Structure formats: structure tokens, C-alpha cells
Amino acid sequence: MAADQNKDRNKIPLERIRNIGIIAHIDAGKTTTTERILYFTGRTYKIGEVHEGAATMDWMEQEQERGITIVSAATTTFWTPHFETHLEAAPYRFNIIDTPGHVDFTAEVERSLRVLDGGVTVLDASEGVQSQSETVWRQADKYNVPRIVFVNKMDKLGADFFAVVQDVIDKFGVKPAVMVLPMGAENDFRGVIQLLERKALYWKDNAADTEPEVRAIPEEYKARAEELRAELVEAIAETDDALLEKFFNAEELELNALKVALRKAVIGYKLVPMFAGSSLKNTGVQPMLDAVVEYLPSPVDVDHITGENPKTHEEETRQLVPSEKMSALAFKIQTDPHVGKLTYTRVYSGIIKAGSYIYNSISGEKERVGRILLMHANEREEISEARAGEIVALVGLKATKTGQTLCDQDNPIMLEGITFADPVISLAIEPKTKSDQEKMGMALAKFLDEDPTYSIKSNPDTGQTIIGGMGELHLEILIDRMKREFRVEANVGAPQVAYRETITKAADGEGKYIKQSGGRGQYGHVLLKIEPQERGVGYEFENAITGGSVPREYIKPTDQGVKEALERGFLAGYPMVDVKVTLYDGSYHEVDSNELAFKMAGSLGMKDATAKAGMILLEPVMQMEVTTPEEYMGDVIGDLGSRRAQIQGSTTRNNVVIIKALAPLAEMQGYVTILRSMTKGRASSVMLPSHYEPVPSNITEKIISDQKSA
């Protein structure tokens, strides 16, 4: 069946395509849910289990060993609605991206959300909305991605569907549309009641290939189901004037009219449908798949995208149809051992044909599309063209990077790119042999292409390479992949916190670079003013020269000299941030002045100014969420206090306490291991980068002395 549908892939109209992502907190069951989707849609014939290390979508060795998702995997599959539907009962094409839940791989979530039309947020029925769930929800908000919620693990101890519904209201601040009433919970979970359809769906316990049995609503659930249905109908009616009028006149609202209105409300971010089930037990997945078809948008519903013309800088729009001029966004680069570099691309408008040339409007380069692949996790199917609304992998693009726009050269457009967070932790790495050095260079270049949240710098004093990332696990995976995929043997230093330097007050500085060594000399002279900026603003350079005291051609070199000085820092050798530099005066020599002299003068001027500007160190602070059994709460809070953490509050849920705190990253290295030993392995924690804060002066002194002695 699935194979036949694949042959007819180009016959599937745009309104029957769904570009969706599965997003959630780590361990909420995203990959297990995706495996069930692939199984029920006929993409796979055997269910792959995460706990057995056999999930189709977790195909990397590191993913299978750790039981987590690291890279977002893309797959294409087909689904014909199972139950009653208000839309056409025909095959729908799903382009699915399974994203990681671990905070260290936030770039994978960010890049996936940028190209999706809709999302399925998976929540754990016993844990509710966890910290990383909130992070991915906010990321989806940023790109206006309509969502449905699947409350997974209804068979787990402590599962409480309505507690999760309340959590969604409190933490996400959205209005849920409760679509089902679970029958039982924990070991007694048997199925769900579809409220709009007034039908009970029962699944046989532990049956592998389970089709639900449709029955009438059991007597003991009838009153509650009618009460919830009335609330749901009212919530839907409130979003549609015609339905609201009928509702107030106490008329019976037709099922199809309710579904049409709910679809509009979901696409307009007014309501979030909520479903329940247990992916592991194959329960509740089919109604959720029907909901993807019924309530999440197709490219037609999104209608158009907006970008900028790179030549005129005016706003341009593209309709999301194959007949429009071509525009696409490269959202992920991956190196495949068999076919080389894959550029995952969302085609927004027009058609890309294999063998054709396309234009990168960001870099200004033409690229040749060698082959076009339809991806099924790490398997692939070659196709001759990719049309509007599709997500494909292009082979043959050499210079295109993540977040860049591909388009028709005669009709260029720049789409909104993808923003990534800065690394918060780094470590030094050096190759063991000369041949390792070459291989390491290739490996790091490849990883930087694939994941823009890595940073790679070299330390000129020690000759070491410094790699930065989003957390210890992020860097650990990079080192591991380097050894396995490139056979690189390297000495690795301990992880180092990415401190920053800044100033607390304004100051003036003078930079004078004069060198006379017979013949032509060097002369550069600048006067600078530096001022502190708000956290996160970064670096700003202002040219306030009047009267030509510094010629125009030396302004940019001065700015460059200042930038290079900021990178090196002045207090403890860390990059300097959040500073405004104004070049207001200087002097030059007709013969001896040149760009290099002014670059050096800019650097010297910064050194002079920062000495008077009250310099301080900033450290990354993490948002912590620790989940621990009640009996260990005192020990955990005491330990956090000793790590300079600020406790923000705690909530209790099913004999488990969730402690929220802000803690400096410098004090949290190796914390997971310490927490496990303190609680006999029963507690867990999640850390998210929050912001930068000044380091206490006594710790600053120690860091400076450590840096000097290093």
C-alpha cells in the first residue's frame, strides 16, 4: 500500500501535505511516538523500540547507545484518515521531523521549527509540562507554528491527563481544546472517548498490531463525557461568529461545522487540541494522526511567505504553490558516508529539478543540484523534482550553509534565516599525531557545517584548538563522533566555562602606534570613548570623526583592531561583550600612516580605555529544574545552595518535588553524577542556558590568577 502511494507522490495535491515536527522534553516519548506513526502509516513493518536501541529515527550509534535523539531525522510517509473526517478521506503525505529533546541540541529543534507548518507536542502524562517542553513551545511560538498536544504515557504510574491540561493552561498560557476523555489511567488505561464524535475507542492490552474497537460510551463515563463535550463545543463556538449565534440559540451544532471551525482556530493559534494515549502500548496514536490531517495546516493554509529582495531591499512575497517562482530554505547540512553532503531543504514555492542550477541569495553563488532525495530517516529514495510544500535533501550543493535561501537567480529573495544561541562551554583539544591533525581539521569543519552552535577557535599561545558547545553532552558527542567517523585520536582537556568580560563605566583611551626603523615608518593615532551597553546587546562601533582628523580609509581598520582586541579580552583573556566604542579624534601622517598602523592604534586605544572602565567578568547562569523524591529534597536544596544557586521555588507532584533554581554553570559541571549518587539514582535534572551575570569579586580574582599561571 505504502509503496503504491509512493509512486503516486506527485499526484498528492498541496492541501493533502502536512509538514510536521514531533517536539517535546527529553524522555516524553517523541521518538517512540514517531516510530508508531511510521508503523501505522506503513513506512515500517516492525516497530523499532528506543529502549532496545532499534528506533528507525534514532539511526546514529550514539543515539542508540544513549536512547536519546541527537539529530533531527526527516521522513516521508502517507496516512489515510482512520475515523470520521470532515476532509477528503484519501492518502495524506506527512513530512515528519523528529527533533531532539535534550537542551544541548537546541539548534536541531530551532532549525526544524523554522521549516514546519505544524507541530505535535508530546507531554508525559505523569510529569506534565517540564522545563524543556516550555523551551520548545516558546521556540514554536517564535515561528508561529500551530500545534496539537499528545499526552503520552497514560499507562505510567502517576499519569493524570487533567493535571497536564491545567499545566498547559498555566505554563503555556494557551487555551486547550480537550478532544478526548481517557478511560482509566496507569495500569487501568484502556482507551479514549472521542468527545466530538461521542465514541469510545478501546485498545486490546499489549497487542502488537492493535486496531481500536469502537463502542458506545460506557455508562460510568457518559455524564463526564457530555460535560467535557459541552465545554469543547463552547470553546470552538467562541472562535466563530456564525457558530456562536447558533450556540446561544441552543441549536445543535453539526459535527463537520465544529471541525471546520476548530481547524481555523488551530491555524489561527486560538485553540490547542489535546489528545491522550500511550505510544509504547500503541494506544491513542490513530486519533492523533487523524488530528494532524484535520487540524494542522497544509502549505495551502499557510498561503504565502515573506522575504526581502536582496537587490532592492523591498519586501517580497511568494505564494506556496508549484507555479510560483522558486524559493527554498536550507535548514540542515548533514554528511552522508554514501552520497556526501546532504542539504536538507524546505521548498516553499516553485519546483527544483535534479541537474538544474539554483541561486543562493545570501552568498550570491550559483549551485548545481546533482540529485534530489526523499529521506526516510537514514534511507533515501531518489526523485527527479521537488515541488512547493516538500521537504527533501539536495546533493551537490557545495557552498550553501544552514539558514540560507535558495531561489531563482532572475527573481531573488532572502527568506528569514535561523538564529542560534552562543556556546556556553568549551574545551581544548589537540591531535596526537600529524595525520590526526589533518583529519581533525576535516572533522571539525564538517561538524561546524552541520551544527552552527559549535564554535571552533585556535589558541595562538598554546597551539590548541578550542571547541565550544551548548553543554557537556554536546561536546562529548562531538569528540565521540570525531573518533568513530574520522578515526581521530586526540587529547581532550576538561570542559571550561565560556566566561565573558565587560565594563561597568565609560572611559576614554588613546592609541598611538609609531614605528620608525629606517625608511618608511608606521603611524596611527586614535582617541576612543568606550561605554557599557545592556546585557546581550553586544558590540557597537560609532564613527564620530569630524574634519578628517582620521581619513575615511582608516576607520574600518580601526574598527577591526578594536574587534580583535575585544576577542582577546583584557582582564583574563575572555572575549569582551556589551560595549559601545566611539572613535572621536586622532591624527595621521601623510607618508607613514597605513591600515595596519591604525589597526594597531585601535587595539592600543582599547587597552588604554579598558584599564579605566571598571572591568568585570560575566559567567553563564543556567535555569535548573531538579526532579527528586520528597525524602531527598533537603539534601538537594542544600547541595544547590553550596553551588551558589538561587532557589526560585518548588512544586510537588505525586510524591516528587520539582525544584526550580538559577545556578552558575561553573559550579554545575558533573552535577548529574553527583545528584544520582545523592539520591540513589532516583532524581534527574535539566539545565537550560538563561543569561550572563557578574562573577563575585573573590572568584574573579581566582579565575584571573588561574589564567595567568596556565
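Let's start with a small open sheet: 3 strands, lined up in the order S13-S12-S24, with antiparallel pairing. Strand S13 (315-319) and strand S24 (414-415) sit at the edges with a single partner strand each, so one side of each has no neighbour in the sheet. Keep in mind that this is a predicted model.

How many bridges join strand S12 to S13? There are 5, and the two strands, S12 being residues 304-308, run antiparallel. Two of the pairings show how they line up. Glu-308 has Glu-315 in S13 as its bridge partner, while His-304 is matched with Gln-319 in S13. S12 and S13 make a hairpin, with 6 residues between them. In that turn, look for His-313, which has a positive phi of about 60°.

Next, a pair of helices. Two packed helices are described by the angle between their axes and the distance between the axes. For helix H9 (residues 255-267) and helix H10 (residues 285-295), the axes come within 9 Å and cross at roughly 80°. An angle of 65 to 115 degrees counts as roughly perpendicular, so that is how H9 and H10 stand to each other. Here is who makes the contact, helix by helix:

| Helix | Residues in the contact |
|---|---|
| H9 (residues 255-267) | Lys-259, Leu-262, Arg-263, Val-266 and Ile-267 |
| H10 (residues 285-295) | Val-293, Glu-294 and Tyr-295 |

Sorted by class, the contact of H9 with H10 has 5 nonpolar residues, 3 charged ones and no polar ones.

Further along the chain comes helix H13, residues 472-486. With 15 residues at 1.5 Å a residue, H13 should span 21 Å, and its end C-alpha atoms are indeed 21 Å apart, so the two values agree. Plenty of H13 is tucked away: the buried residues are Leu-473, His-474, Leu-475, Ile-477, Leu-478, Ile-479, Asp-480, Arg-481, Met-482 and Phe-486. Just after H13, Arg-487 takes a positive phi of about 55°.

One last stop is Thr-627, which you'll find in strand S35 (residues 615-629). Is Thr-627 buried or exposed? Its relative accessible area is 13%, and because buried means under 20%, Thr-627 counts as buried. Which residues are in contact with Thr-627, leaving aside its neighbours within four places in sequence? They are Glu-127, Val-656, Val-657, Ile-658, Arg-682, Ala-683 and Ser-684.

Note on methods. Residues numbered from 1 in each chain as written. Predicted model: local features only at pLDDT ≥ 70, side-chain atom pairs only at ≥ 80, totals over all residues. Heavy atoms only, no water. Helix = DSSP H or I, 4+ residues; strand = E, 2+ residues; numbered from the N terminus. Expected span 1.5 Å × (residues − 1). Buried < 20%, exposed > 50% of the residue type's maximum accessible area, 1.4 Å probe, protein only. Contact = heavy atoms within 4.5 Å. Axes fitted to C-alpha atoms, helices over the stretch in contact; angles between N-to-C directions. Parallel < 35°, antiparallel > 145°, perpendicular 65-115°, else oblique. Nonpolar A, V, L, I, M, F, W, Y, C, P; charged D, E, K, R; others polar. Pairing = 2+ DSSP bridges.
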